[in-house]
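User: Could you take a close look at one part of this model for me and walk me through how it sits in the rest of the chain? I would like one connected account, please.

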Amino acid sequence: MSTHASLIERHTDATQKLILSSAIELLEKLSINQLTVRAVAKHAHISERTIFRYYASREEFLDAVAIALQDYLHIPAPPNSIEDLSGYARLLYQGFEEKAEFVKSSLHTELFERMRRGLGIERGQAIQSIIQACAPDRSDRDRKIVAGQIRYYLSASTWHYYRFHYGFSLEETIAAADLAIRLALQEISGTAQ
């Protein structure tokens, strides 16, 4: 076996990248409701059949677009420790800020719901593991509540609310999320700073 990707594998990767980048380019110009396989195929100069060769259904296609959007929005990998949590809001919110208009217009769409189900669940599990590790003697209920609070502050909805309902600057938005996370961690771990 060769260590180099075969021509077919490279073509497959290139075609999938073309499909997903075309979908994201269209999302920057159109509404989510206008994102169709036909529109993406036309924009990419390929056939609809080609798209369905890679994605068996519209659902599978939208799941792939949602995953590609995570990279496009520079959404960081879930945190692995309390130390990771301390700078996580900045990383997350800066990604949202870079594509603010796109995030605002997409917040309550099917694609963002898919992203929440995918990365949101992964991030939630990571946060729950961190809380479990820092407060093993607290009740499951307490850990669940604190993890939920932290997840709330690490979301596009919270970023949007601070930025556009409260009129906070990006730095104020990050500071508000960092403070809420720090207080939640202090409460669950029983430390005061």
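**Helix 9 and its surroundings**

Analyst: Happy to! The secondary structure of this predicted model comes to 10 helices and zero strands. Read along the sequence, the pattern is therefore simply α-α-α-α-α-α-α-α-α-α, with helices being DSSP runs numbered from the N terminus. The C-alpha trace spans about 60 × 50 × 25 Å along its principal axes. Of the 193 residues, 42% count as buried. Among contacts with a separation of 6 or more, 67% join residues 24 or more positions apart. The chain exposes about 11200 Å², and carbon and sulfur atoms supply 53% of that area.

Now for the part I would zoom in on, helix 9, which covers residues 156–165. Its buried residues are Ala 156, Thr 158, Trp 159, His 160, Tyr 162 and Arg 163. As a general point, an α-helix has 3.6 residues a turn, so residues three or four places apart point the same way. What covers the buried residues of helix 9 includes helix 5 (82–98), helix 6 (100–106), helix 7, helix 8 and helix 10 (170–189).

His 160 is a good residue to select in your viewer, and it lies within helix 9. His 160 counts as buried because its relative accessibility is 18%, and the cut-off is under 20%. Setting aside neighbours within four places in sequence, His 160 is in contact with Lys 104, Leu 107 and His 165. Past the end of the helix, Gly 167 follows, with a positive phi near 75°.

Two of the covering elements, helix 7 and helix 8, also pack against each other, and that pair deserves a look too. The axes of helix 7 (residues 110–134) and helix 8 (residues 140–153) come within 9 Å and cross at roughly 135°. That angle makes helix 7 oblique to helix 8, and the crossing is right-handed. On the helix 7 side, the residues that meet helix 8 are Gly 120, Ile 121, Gly 124, Ile 127, Gln 128, Ile 131 and Gln 132. Their partners in helix 8 are Arg 143, Val 146, Ala 147, Ile 150 and Arg 151. By class, this contact has six nonpolar, four polar and two charged residues.

To pull it together: helix 9 has buried residues, His 160 among them, and their cover includes helix 7 and helix 8, which cross each other at roughly 135°.

How values were computed: Residues are numbered from 1 along each chain as its sequence is written. This is a predicted model: local features need pLDDT of at least 70, side-chain atom pairs count only at pLDDT 80 or more; totals for chains, interfaces and linings use all residues. Side-chain values use heavy atoms; hydrogens and water are left out. Axes are lines fitted to C-alpha atoms, for helices over the stretch in contact, and angles run from 0 to 180 degrees between N-to-C directions. Helices (H or I, at least four residues) and strands (E, at least two) are DSSP runs, numbered from the N terminus. Angles under 35 degrees count as roughly parallel, over 145 as roughly antiparallel, 65 to 115 as roughly perpendicular and the rest as oblique. A crossing is left-handed if the near helix is turned anticlockwise from the far one by less than a right angle, and right-handed if clockwise. Contact means heavy atoms within 4.5 Å. Ala, Val, Leu, Ile, Met, Phe, Trp, Tyr, Cys and Pro count as nonpolar, Asp, Glu, Lys and Arg as charged, and the others, Gly among them, as polar. Buried means under 20% relative accessible area, exposed over 50%, partly exposed in between (1.4 Å probe, protein chains only). Accessible areas come from the Shrake-Rupley method with a 1.4 Å probe; for residues, only the protein chains shown count as cover.
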